[in-house]
Amino acid sequence: MQVYLNGRFSSRDDAAISINDRGFLFGDGIYEVIRIINGRLFRLDAHMRRMDRGLGVLEIPFTGQQRAELPAIMGKLIADNRLEKGEGTIYLQITRGAALPRTHAYPPDKTPPTVLVMASPFVPVKEILEKGGHAIMVPDIRWSRCDLKTINLLPNVMAAHEEKKRNAGGVLMVRDGFITEGYKNNVFAVIDGVLWTYPDSPYILSGITRDVVFEIAEQEGIAVRLCPVGEKQIFKADEVMLTGTITDIQPVVSIDGHRIGAGRPGPVTKRLQQGLRHRMDTE
Ligand code: PDD
């Protein structure tokens, strides 16, 4: 596999970062995961806008020519890794770079950021998309800037470990009695025909797939309510689903052993799945 690191294309095994990198030492950086479909990057502009916003808030200087080159770098990696056909993902990470001495405060602005871009094949798990998953709830133990896609993912990693240990298919995180999102996806519930999801806030990441779901809902005449769903209320939802770049729209058919709706993917979920697939295949 060919990757891009700090201006250089190389094989993955030859790419290495400094032990002084602030991403490594402090988790001081952001990332994006972008879907590749037949060589095209789905909703690239939206991912780039979210990345630029994160870099701006964190004051990581990554602009000018280096920033402008990113789409061309992704294009080259797609070609070099033979991903012009089928599905894949781009992983993009930008950290505040390597700086000495190790000190918490931001280093001088001239410190070059570390830029990593990788492209890999990706195969969606068909079975869970068709049959749905048995999800669990875990406390949302994250910080109060979940709107930034930072590489600080330990609570998410712990949630994923819990999912694996309990042989579950999906995790719903709970903060102050309400479902916020999953560890790598957003959560939607269908209640009396209305699609509910947590509003834009510092407690969730505003997913690009979530925005696509809003678009499809509008087109299909499905009403949307930006309102948090309670941890007990969700058991009575007719449908629940998870949405994300590497999740697509994954039905949730039970939560902590409580059956959701009829215990199988519902009609709204299926319409949204079709709408997403259509957009991914045609845009
Ligand atoms: N995760 N919420 C969280 C916490 C996420 O990490 C993600 C994405 C989403 C969905 O966002 P989007 O639709 O833009 O992918 C929501 C990526 C894919 C990951 O960590 O691998």
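## Around the ligand

Let's start with the ligand and its neighbours: 20 residues surround it, and those that come nearest are Tyr31, Glu181, Ile208, Thr209 and Thr245. Keep in mind as you explore that this is a predicted model.

What kinds of residues make up the shell around the ligand? Polar residues account for 9, nonpolar residues for 6 and charged residues for 5.

## Polar contacts

Two side chains are good places to look for contacts with ligand oxygen. In Tyr31, a side-chain N or O atom is 2.6 Å from an oxygen atom of the ligand. In Arg50, a polar side-chain atom lies 2.9 Å from a ligand oxygen.

Lys184 takes part through its backbone: one of its polar backbone atoms is 3.5 Å from a nitrogen atom of the ligand. On its own the ligand has 470 Å² of accessible area, and the protein covers 92% of that.

## Where the site sits

Which pocket holds the ligand? You will find the ligand in the largest pocket. Both domain 1 (2-121) and domain 2 (126-282) contribute to the shell, with at least three residues from each.

You can also trace the shell through the secondary structure. Strand E3 (29-37), helix H6 (208-220) and strand E14 (239-244) each provide at least two of the shell residues.

## Two backbone details

Now for the loops, where two spots in the backbone deserve a visit. The peptide bond that runs from Leu100 to Pro101 is cis, and its omega is near -10°. To find Pro101, follow the loop between strand E5 (87-95) and strand E6 (114-121).

The other spot is Arg82, which is not a glycine and yet has a positive phi of about 55°. Look for Arg82 in the loop that links helix H3 (64-80) and E5.

Definitions and conventions
Residues numbered from 1 in each chain as written. Predicted model: local features only at pLDDT ≥ 70, side-chain atom pairs only at ≥ 80, totals over all residues. Heavy atoms only, no water. Near = heavy atom within 4 Å. Polar contact = N/O pair within 3.5 Å; in protein donor to acceptor, adjacent residues only side chain to side chain. Areas by Shrake-Rupley, 256 points an atom, 1.4 Å probe, with all protein chains shown as cover. 1 Å grid on protein atoms, 1.4 Å probe; cavity = no way out; pocket = protein on both sides within 12 Å on 5 of 7 lines; lining within 4 Å. Sits in = over half its atoms within 2 Å of the grid points. Helix = DSSP H or I, 4+ residues; strand = E, 2+ residues; numbered from the N terminus. Nonpolar A, V, L, I, M, F, W, Y, C, P; charged D, E, K, R; others polar. Domains from an automatic or database assignment.
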